[in-house]
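Q: Please take a close look at one part of this model, the place where two helices pack against each other, and describe what surrounds that place.

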Amino acid sequence: MQHDTHTEPAHHTHEEHTHDIGRVSWSTAARATLHCLTGCAIGEVLGMVLGTAFGWGNVPTMILAIVLAFFFGYSLTLRGVLKAGVGFSTAVRVALAADTLSIAVMELIDNGVIALWPNAMDAHLSDALFWGALAASLILAFVATTPVNKWMIGRGRGHAVAHRYHH
């Protein structure tokens, strides 16, 4: 019996191209978190600035900041996935899968810091406390969310879902 020694070239399917699921570097997780932080920070800062400028109370200002953080966080991912030629409904599902937990953790830490920081919720736009507390809360949110993203990407979730559409 004769064996065929000719082998076909390896073809990788989209599903096989997972970038070593399970082995995710801290730099990969940090880049994913920075992507998430960008959208969150735009929304968070805009919401805090608008709420403070309009003289709103703490709760409506925080709600606006959270809503805008999710909006801008999802929007950045949605933009990248749509560029890959994916249909809108699929792109929305990808953005939700990629960013929901990351944004939620980031917002929990960010708003928790602002809420617990003495006098931060009552600071005005012209106060160094307003900007200092906001910057510190975003930095702490980044630090807390990076391990979450590392864990999710290592399991093929989170930003790993969106990364499949970036070539």
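**The contact of H3 with H4**

A: In this predicted model, the H3 side of the contact is formed by Ala-98, Leu-101, Ser-102, Val-105, Met-106, Ile-109, Asp-110, Val-113 and Ile-114, which meet Ala-133, Leu-134, Ser-137, Leu-138, Leu-140, Ala-141, Phe-142, Ala-144, Thr-145, Val-148, Asn-149 and Met-152 of H4. By residue class, the contact comprises 16 nonpolar, 4 polar and 1 charged. Two packed helices are described by the angle between their axes and the distance between the axes. Here, the axes of H3 (residues 88-116) and H4 (residues 128-154) come within 8 Å and cross at roughly 145 degrees. The crossing of H3 with H4 is right-handed.

Some residues of this contact also belong to a nonpolar core. The largest such core has 21 residues, and those that touch the most other members are Cys-40, Met-48, Met-106, Ile-114 and Leu-134. To this core H1, H2 (58-83), H3 and H4 each supply at least two residues. Leu-134 has contacts with Glu-44, Val-45, Met-48, Asp-110 and Ile-114, when neighbours within four places in sequence are left aside.

A residue of another helix also reaches this region. Thr-33 lies in helix H1 (residues 26-53). Beyond residues up to four places away in sequence, Thr-33 touches Met-106, Phe-142, Thr-145, Thr-146 and Asn-149. Thr-33 counts as buried because its relative accessible area is 0%, and buried means under 20%. A polar atom of the Thr-33 side chain lies 2.8 Å from the backbone oxygen of Ala-29.

How values were computed. Residues are numbered from 1 along each chain as its sequence is written. This is a predicted model: local features need pLDDT of at least 70, side-chain atom pairs count only at pLDDT 80 or more; totals for chains, interfaces and linings use all residues. Side-chain values use heavy atoms; hydrogens and water are left out. Axes are lines fitted to C-alpha atoms, for helices over the stretch in contact, and angles run from 0 to 180 degrees between N-to-C directions. Helices (H or I, at least four residues) and strands (E, at least two) are DSSP runs, numbered from the N terminus. A crossing is left-handed if the near helix is turned anticlockwise from the far one by less than a right angle, and right-handed if clockwise. Contact means heavy atoms within 4.5 Å. Ala, Val, Leu, Ile, Met, Phe, Trp, Tyr, Cys and Pro count as nonpolar, Asp, Glu, Lys and Arg as charged, and the others, Gly among them, as polar. Buried means under 20% relative accessible area, exposed over 50%, partly exposed in between (1.4 Å probe, protein chains only). A polar contact is a pair of N or O atoms within 3.5 Å; within protein, one must be able to donate a hydrogen and the other to accept it, and residues adjacent in sequence count only if both atoms are side-chain atoms. A nonpolar core is a set of buried Ala, Val, Leu, Ile, Met, Phe, Trp, Tyr and Cys residues joined through side-chain atoms within 4.5 Å.
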